[in-house]
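Here are a few short exercises to work through with the structure open beside you. Try each one yourself before you read the solution.

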Amino acid sequence: MVFNIYLEAAVIPIDLILCAFLKLKYTDRTRVNRQFRLLAYLITFGTFCDVLDVIVLSAGASIPPSIKFVVNTIDYVVATIAAYYFVQYVMAYVGVKWQDSTGAYINRILLVIYFVICFTNIYTGSVFRYIGEGRFAEGPLFMMIVYAYPLYYILYGGVFILGHSESYQMEMKVGLLLTFIFMISLYLLQMFLFRDLMITFFAASVGLLVMFLLLETPDYSKLMKTLDELSISRKELEASTTRAAESSRAKSRFLAQMSNEIRTPVNAIMGYSNLILADSKEESSREYAQRVKISAKRLLTFFENVLEYVSDETEENGQRRLPSMADLLDQTEENTIYDGRDTTERKAISGASQIRVLVVDDADLNVDLLVRMLRPIGLTVDTASNGKQAILQVRKFRYDLIFMDHLMPVMDGVEALKQLREEKLCEDTPIIMLTANAISGEEEKYLKLGFADYVTKPFTEEMIRDILRRFLPITEEQWQGEVAISEWEALQEKLPTVRVADAREYLLHDIAEYKTILKAYALEDNSSMLSAAIRKGDFVTCMAMLRQERDCASLIGAENLSKMSDKMEALCRKGEYELLRERIGAYTAERAVLCEQIGNI
Amino acid sequence: MDKKILVVDDSKVEGIYIKFLLDKLDKVDATVCPGFEEALELAEKDKYDLIIADYYTIDGTSDMLVEDIREKCEKNAETPVVAMGRDIDFAEEDFLKNNGFINYIEKPVKFNMLKAVVALYS
């Protein structure tokens, strides 16, 4: 060989392995990836060309000069192109779009000039001339084309890296710097001292390998690490979302339970106070009962405000501080219950209902009665004592329903209705006339005037309920729920040994059906049949009856009876009829008590 | 076509309750009877899509009823029978299969369970 190709020949396998790896495993279509692969292929090809060139030049006469000329030219051109693409890669690595920079533009121009010179070399011989016997003579532009051009591009790339050093980590920069020094040194050595040794592409291959290890592979492991972290984060997010949802549900359940626990005794207080007011004729007792009632209502409103704040906090997840006692008391003061005096400006909130009703009547007693029927259901109720005040109220709020008395001072109901319709103040609001006029034929008059319906005084709770059912935007289910809760509570009080709430679940909240079943339970008294079966030791009948007792007791919520019959069933299975006989007495007695209570409903 | 369901329960209270639940289901025609005799009469006359029978009754355990129905009532030879009772009654392996029941519901019956059973087996 005219030149020493051992280094370069040795590095070809490494280049090929790298290229194979890139082709098979490096399949991302990113620009950086593509540029690096291209660079790798070029350098591999270049190394191969370098070796081939020497072989061809050394081949003597067996290879025609034209072939030698072409291979030689290709060899030099590939070196420059590889160096050019080194710059492209380096720019792509930091994300710079090379087309846009001025430097790239200059580089392109230079490359074009390079190609022109190389091409015209056939005629001009400015780079090299074939002088026979495998030798080439260097032309005037030889150094520039063969050494300076590639060197220029390599240095350009190096300067670019320096200029964008923040895009590279420290170890990358150190590695690249060392590689650079190594390559440039080799290059210069070859240029000036060891013209016989082919090392340019060897240096380039080493540089390629170093770049691959420093710049390309770290990304992979970083990527994998990031993906792992993302996956972990996602799982944690899912877990915490689930926890948050559960916590929220737990809070809702707690709130619902709390609400129930508070309302029940307070309603009992109010209920019994009502009873005292209804039964007692003594002035002082009535006054005391009235005060108890007012306090209970305040307590209820207070608790409901607390629960409302807490539930808002849960739902909104915001940083709301819990209101101080003073704040809540203030709010409670504002929302004072109606106590029979001037109420035109008083508003009251009971529960969290957005359904608003207006009651207009000059008789305090009537207003009081209606308010007492409506507020406990959870409606927001405002009052007015004549037509004029009613109009003022309607101007302020939107009402779902209005009860309007007929004869009132200042402005009566009919006049008020006319004005409201004229002002188009409450076009979809049904207005119900409260009238003492029981004369038949009058109804049509009211309906023609624009009233949705009328109620004759004295009105009953049933009549009012009927109006509410028909005109309020409450679904039947909601209605059942709101109104029925108090019915269930009343029932619970009459049956202290029964857990009414359990039965309610089975009976799908149908209180009428529950009452039917309770009555049937009271009638279906098989105690005598059961006692007889126990005495006889009749297993089949005993099991059937005890099972029946237990199932029915569970159904109606008679917890204790259910447990007792459970224990008795266990005894029956074991054949312990003696013990059963001892137990049946107590069971029958307790069942009888329950039946009596059911009879009092 | 309405599904015909026969319920056998010797307790009047349970009978009222189960009828109440079944009436809430769409396209279901439910009959409740208190004992084996009536059950056999009804099963001879009509074909039922599903039979639900309390396990422990005064007339005996309802696997005997199932046997009788399979033998004597042609129309209901294939009708699925669901038992009613407690978990311990049916805990033994293959108990249900060996006694002709396709499944069981716990008592007191929950509406959702009943709904599911009716949907599954009829």
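**Exercise 1. Walk along chain B and write down the order of its helices and strands.**

Start at the N terminus: the elements of chain B come in the order β-α-β-α-β-β-β-α-β-α-β-α. Now tally them up, and you get five helices and seven strands in chain B. Keep in mind that you're looking at a predicted model.

**Exercise 2. Work out what share of chain B is buried, and what share of its contacts join residues at least 24 apart.**

Take burial to begin with: of the 122 residues in chain B, 37% are buried. Next, look at contacts in chain B between residues at least 6 apart in sequence; 63% of these link residues at least 24 apart.

**Exercise 3. Find where chain B touches chain A, and say which element of chain B gives the most.**

Step one is the head count: 18 residues of chain A are in contact with 16 residues of chain B. Step two is to see where they sit: helix H1 (12-22) and strand S4 (56-57) of chain B each bring at least two residues to that side of chain B. The top contributor is H1(B), with six residues. Finally, sort the touching side of chain B by class, and you'll find eight nonpolar, three polar and five charged residues.

**Exercise 4. Sketch the five-stranded sheet of chain A and explain what is special about its edges.**

Draw the strands of this open sheet in the order S4-S3-S5-S6-S7 (chain A), with parallel pairing. S4 (380-384) and S7 (453-456) of chain A are at the edges with a single partner strand each, so one side of each has no neighbour in the sheet. Give your sketch a twist averaging 20° from one strand to the next.

Now zoom in on one pair: S6 (residues 431-435) of chain A and S7(A) run parallel, joined over four bridges. For instance, A:Ile432 has A:Asp453 in S7(A) as its bridge partner. To finish, add helix H12 (residues 413-422) of chain A, which lies across S5 (401-405) and S6 of chain A at about 140° to S5(A).

**Exercise 5. Decide how helices H18 and H21 of chain A run relative to each other: roughly parallel or roughly antiparallel?**

Check the geometry: the axes of H18 (residues 527-536) and H21 (residues 577-599) of chain A come within 9 Å, crossing at roughly 170°. Angles over 145 degrees count as roughly antiparallel, and therefore H18(A) and H21(A) are roughly antiparallel. Residues that meet here include A:Leu530 and A:Ile534 from H18(A), and A:Leu580 and A:Ile584 from H21(A). By class, this contact has five nonpolar, three polar and three charged residues.

Technical notes
Residues are numbered from 1 along each chain as its sequence is written. Chains are lettered from A and ligands numbered from 1 in the order in which they are written. This is a predicted model: local features need pLDDT of at least 70, side-chain atom pairs count only at pLDDT 80 or more; totals for chains, interfaces and linings use all residues. Axes are lines fitted to C-alpha atoms, for helices over the stretch in contact, and angles run from 0 to 180 degrees between N-to-C directions. Angles under 35 degrees count as roughly parallel, over 145 as roughly antiparallel, 65 to 115 as roughly perpendicular and the rest as oblique. Two residues are in contact if their C-beta atoms, placed from the backbone, lie within 7 Å. Ala, Val, Leu, Ile, Met, Phe, Trp, Tyr, Cys and Pro count as nonpolar, Asp, Glu, Lys and Arg as charged, and the others, Gly among them, as polar. Two strands pair if DSSP finds at least two bridges between them. A residue is buried if 20 or more other C-beta atoms lie within 10 Å of its own, exposed if 12 or fewer, and partly exposed in between; C-beta atoms are placed from the backbone.
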